[in-house]
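Let's walk through this model together, starting with its open space and then turning to its packed interior. Have the sequence and the 3D view side by side as you read.

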Amino acid sequence: MKAEGAVLKSSNWIAGALHYLVLTLISVVMLIPFLWMVSTSLKEPAKIFVFPPEFIPSAIRWANYTEVLNNTPFHLYYFNSVYIAVVVTVGTAFFASLAGYSFARIPFKGRDLVFLLLLSTMMIPAEATAIPMFLFMRDLGFNNTHVPLIALPIFGAEGAFGVFVMRQYFIAMPKDLEEAAMIDGCSRMRTFFEIMLPMAKPAIASLTIFTFLTTWNDFFNPLIFINNRNLMTLPLALSLFTDEAGTAWNLLMSASVMVTLPLLLVFFFAQKQFIQGIAMTGLKE
């Protein structure tokens with residue numbers, strides 16, 4: 001029996017070691033593009049494409065970052081991206097929470113049909129609606145403004161995804177707390193804001209990260225609706241480092257590093273709630 005236990009323990013240790021080895025190799029492969037980006041951002045232009053490649057620059061060139069900041073209105077692009085991403089994230093979380101709670105807890109005629117129609121908007125490619133939305137926004141006088149970049153994600157496919165996430169979370173929550181609050185005299189809105197919404201923090205954290213990442217990285221909508229350089233967001237501004245003469249890779253990678261940092265910070269500070277929210281929104285009642 002002891003021999004069998006030792007063999008079983010040894011096999012489990014080997015299986016665990018192989019498991020972590022595979023995960024480590026996958027992580028290294030996924031990190032290579034990021035490391036190349038950081039490395040290139042610190043290189044001189046002549047040393048970017050040398051062979052064999054240098055992941056650790058022999059001479060670190062911090063001037064790439066100062067050149068990006070001094071020679072372009074990068075701070076303005078940063079401000080545009082930050083405030084658009086924050087407004088879209090807050091708006092999506094707020095309206096998706098209200099709608100998700102309504103679809104999960106409030107019975108009304110045609111609820112399932114309306115929810116199905118809402119989800120169907122996620123199946124339509126953005127490219128298919130680009131021209132109609134462009135004409136619609138032009139007629140309203142909102143082209144070349146930030147209004148389409150804020151309104152379309154909140155009330156479009158991203159908003160529908162947020163409603164789906166919040167609905168799944170509210171469905172998984174026990175009804176006892178809600179019923180007890182209503183017995184004590186709480187209104188539907190008070191029950192939502194004081195009881196249900198605070199308990200939905202993991203789902204809101206997940207939705208916040210998804211929405212912030214999607215909005216921060218959005219290139220298509222700014223390309224369609226913005227042609228004023230002062231209104232550009234960061235993904236669109238990165239294309240300015242490429243012209244007829246070629247691509248300034250050292251400057252492009254320096255700008256890309258600065259664009260990536262907020263995403264890493266958001267995920268770092270919200271990763272616990274993000275993982276918990278992903279787990280909870282997959283539960284069934």
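How much space lies in the largest pocket? In this predicted model, the answer is about 680 Å³. To find the spot, look for Ala 126, Leu 152, Gly 156, Ala 157 and Glu 158, which are the closest to the pocket's centre among the 24 residues that line it. Several helices take part: α5 (126–140), α6 (147–155), α7 (157–172), α10 (201–216) and α11 (220–225) each give two or more residues to the lining. The largest share is that of α5, with 5 residues. As for chemistry, the lining divides into 15 nonpolar, 6 polar and 3 charged residues.

Now let's turn to the nonpolar cores. The largest has 32 residues, and within it Val 68, Phe 74, Trp 216 and Phe 241 have the most contacts. Helices that each supply at least two residues of this core are α2 (63–71), α3 (74–105), α6, α10, α12 (234–238) and α13 (249–280). Of these, α13 gives the most, namely 8 residues.

Trp 216 is a good place to pause and zoom in. Leaving aside residues up to four places away in sequence, Trp 216 touches Tyr 78, Ser 81, Val 82 and Ala 85, along with Leu 234 and Pro 235, and also Val 259, Pro 262 and Leu 263.

Apart from this largest core lies another one, of 19 residues. If you would like to locate this other core in your viewer, its members include Ala 104, Tyr 169, Met 173 and Ala 200.

Methods. Residues numbered from 1 in each chain as written. Predicted model: local features only at pLDDT ≥ 70, side-chain atom pairs only at ≥ 80, totals over all residues. Heavy atoms only, no water. 1 Å grid on protein atoms, 1.4 Å probe; cavity = no way out; pocket = protein on both sides within 12 Å on 5 of 7 lines; lining within 4 Å. Points joined across faces, edges and corners; volume = space filled by probe spheres on them. Helix = DSSP H or I, 4+ residues; strand = E, 2+ residues; numbered from the N terminus. Nonpolar A, V, L, I, M, F, W, Y, C, P; charged D, E, K, R; others polar. Core = buried A, V, L, I, M, F, W, Y, C linked by side-chain atoms within 4.5 Å. Buried < 20%, exposed > 50% of the residue type's maximum accessible area, 1.4 Å probe, protein only. Contact = heavy atoms within 4.5 Å.
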